[in-house]
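Me: I would like to go through this structure by asking what justifies each descriptive term. Please set each value against its criterion before drawing a conclusion.

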Amino acid sequence: MEVKNDSKKRDLSVCLSGVRLQNPVVPASGCFGFGYVMSEYYDIDMLGSISIKGTTLDSRFGNPLPRIAECPSGMINSVGLQNPGVDAVIETELPKLRGKFHQPIIANISGFSIDGYVECCEKIDRADQVAIIELNVSCPNVHGGGMSFGTSPDAVAEVVREVRKVVKKPLYVKLTPNVTDIVSIAKAAVAAGADGLCLINTLLGMRIDIKTRRPVLANRMGGVSGPAVFPVAVRMVNQVAHACDVPLIGCGGVSTARDVIEMMMAGATAVEVGAANLVNPYACKEIIEALPLEMEKLGIDSLSEIIGVV
């Protein structure tokens with residue numbers, strides 16, 4: 001397709017519950033660490049936001065090794081929320097990130113009990129650096145937490161309702177795709193007070209080493225991510241966009257600027273990029289740089305105009 005020279009400035013900005021992002025591209029939690037290390041590769045201030053590594057009330061070493069393996073068109077991981085705990089994140093990690101990054105920060109929070117979620121969110125809500133809280137009720141890699149909350153509408157509603165009581169900042173709930181009806185889970189989260197939703201987290205999967213006849217991952221199962229899950233993510237984002245009147249962050253297999261546009265057409269206001277960062281540390285940079293040209297090809301002046309057009 002021939003593209004004529006077009007000097008018109010394209011508007012990449014979007015808004016999440018009153019928080020303006022200069023573009024919709026956000027490195028997903030767990031795939032960008034706490035962000036500041038990536039500044040060695042490029043100016044991370046070009047990003048729309050960063051969803052920091054999943055944070056829990058107490059420090060966690062994570063699951064035993066091995067906990068990452070390749071899959072066709074993706075990967076499977078069972079890292080298990082390795083992090084230094086919320087106090088260390090607030091005191092050490094967020095200041096380091098703020099020294100390199102001056103855009104809004106999304107804090108991804110996980111827990112193993114209602115009280116743990118509440119206490120962790122209450123602490124992170126007071127951190128000046130954080131603009132949005134991403135409540136992770138969907139991690140498939142830990143026992144007794146995460147996805148055990150996210151597969152039941154009642155359980156999702158309960159944790160969101162209690163967290164909502166202690167946080168003032170926009171509260172987004174990250175949903176698991178490992179359910180029969182994603183819409184019922186989404187509606188429960190919104191009814192309980194969620195300002196927005198993030199979907200999807202990883203799909204539960206497993207690999208077996210046929211030589212040793214044992215699971216590849218020490219935890220047996222893990223979360224599948226990468227391009228293979230993209231159509232599932234687009235479908236679920238679109239379903240929820242038609243059922244819930246809140247901003248959505250689309251996530252799952254995004255690796256190109258065209259993927260970002262497709263996800264936004266499905267209903268996402270912003271888009272998280274996960275596994276692509278582990279393959280190519282410049283993935284988000286390259287996506288942002290490619291967006292204006294793709295917009296030009298498609299006759300899009302502003303990304304906000306395509307949100308949920310399908």
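**Helix packing, pockets and backbone**

Reply: Helix H4 and helix H5 are roughly parallel to each other, and therefore the pair is a suitable place to begin. The model discussed here is a predicted one.

Me: What makes H4 and H5 roughly parallel?

Reply: Helix H4, residues 153-164, packs against H5 at an angle of about 25 degrees, and the two axes lie 8 Å apart. Angles under 35 degrees count as roughly parallel, and H4 and H5 are therefore given that description. In passing H5, H4 makes a right-handed crossing.

Me: Which residues make the contact between H4 and H5, and how do they divide by class?

Reply: H4 contributes Pro 153, Val 156, Ala 157 and Val 160, while H5 contributes Ser 184, Ile 185, Ala 188 and Ala 189. By class, this contact of H4 with H5 has seven nonpolar residues, one polar and no charged. Serine falls outside the residues listed as nonpolar or charged and so counts as polar, and Ser 184 is among the H5 residues in the contact.

Me: Why are H5 and H6 called oblique?

Reply: The axes of H5 (residues 182-191) and H6 (residues 230-243) cross at roughly 50 degrees and come within 9 Å. The roughly parallel class takes angles under 35 degrees and the roughly perpendicular class takes 65 to 115, with the rest counted as oblique once those over 145 are set aside as roughly antiparallel. H5 and H6 are therefore oblique to each other. Their crossing is right-handed. On the H5 side the contact is made by Ile 182, Val 183, Ala 186 and Lys 187, and on the H6 side by Met 236, Gln 239, Val 240 and Ala 243. These residues divide into six nonpolar, one polar and one charged; lysine counts as charged, and Lys 187 is one of the H5 residues involved.

Me: How do you know that H1 is roughly parallel to H2?

Reply: Helix H1, residues 86-98, and helix H2, residues 114-125, pack with their axes 9 Å apart and at an angle of about 25 degrees. That angle makes H1 roughly parallel to H2, the cut-off for this class being under 35 degrees. The crossing in which H1 passes H2 is right-handed. Val 86, Asp 87, Val 89, Ile 90 and Leu 94 in H1 meet Cys 120, Lys 123 and Ile 124 in H2.

Me: What makes two residues of the contact between H1 and H2 charged?

Reply: The contact of H1 with H2 has six nonpolar residues, no polar ones and two charged ones. Asp and Lys count as charged, and the contact includes Asp 87 from H1 and Lys 123 from H2.

Me: Which residues lie nearest the centre of the largest pocket, and what is the pocket's volume?

Reply: The largest pocket has a volume of about 590 Å³. Its lining consists of 33 residues, and those nearest its centre are Ser 29, Gly 30, Cys 31, Asn 77 and Thr 202. By class, the lining has 17 polar, 13 nonpolar and three charged residues. Gly counts as polar and Cys as nonpolar under the scheme used.

Me: What lines the second largest pocket, and which element gives the most to that lining?

Reply: The second largest pocket is lined by 13 residues, with Gly 74, Met 75, Pro 227, Ala 275 and Val 279 nearest its centre. Strand E6 (74-77) and helix H8 (276-279) are the elements that give two or more residues to this lining, and H8 gives the most, with three residues. The space in this pocket is about 200 Å³, and its lining residues divide into seven nonpolar, five polar and one charged.

Me: Where do the cis peptide bonds fall?

Reply: One cis bond joins Leu 65 and Pro 66, with omega of about -5 degrees, and Pro 66 is placed in the loop between strand E4 (50-51) and strand E5 (68-71). The peptide bond from Leu 199 to Ile 200 is also cis, with omega near 15 degrees; Ile 200 is found in the loop between strand E10 (196-199) and strand E11 (203-206).

Me: What sets Ser 73 apart in its phi value?

Reply: Ser 73 has a positive phi of about 60 degrees although it is not a glycine, and Ser 73 lies in the loop between E5 and E6.

Note on methods:
Residues are numbered from 1 along each chain as its sequence is written. This is a predicted model: local features need pLDDT of at least 70, side-chain atom pairs count only at pLDDT 80 or more; totals for chains, interfaces and linings use all residues. Side-chain values use heavy atoms; hydrogens and water are left out. On a 1 Å grid over the protein atoms alone, a cavity is a set of points where a 1.4 Å probe fits but cannot get out, and a pocket is an open set with protein on both sides within 12 Å along at least five of seven lines; lining residues have an atom within 4 Å of a point. Grid points are joined across faces, edges and corners, and a volume is the space filled by probe spheres set on the points. Helices (H or I, at least four residues) and strands (E, at least two) are DSSP runs, numbered from the N terminus. Axes are lines fitted to C-alpha atoms, for helices over the stretch in contact, and angles run from 0 to 180 degrees between N-to-C directions. A crossing is left-handed if the near helix is turned anticlockwise from the far one by less than a right angle, and right-handed if clockwise. Contact means heavy atoms within 4.5 Å.
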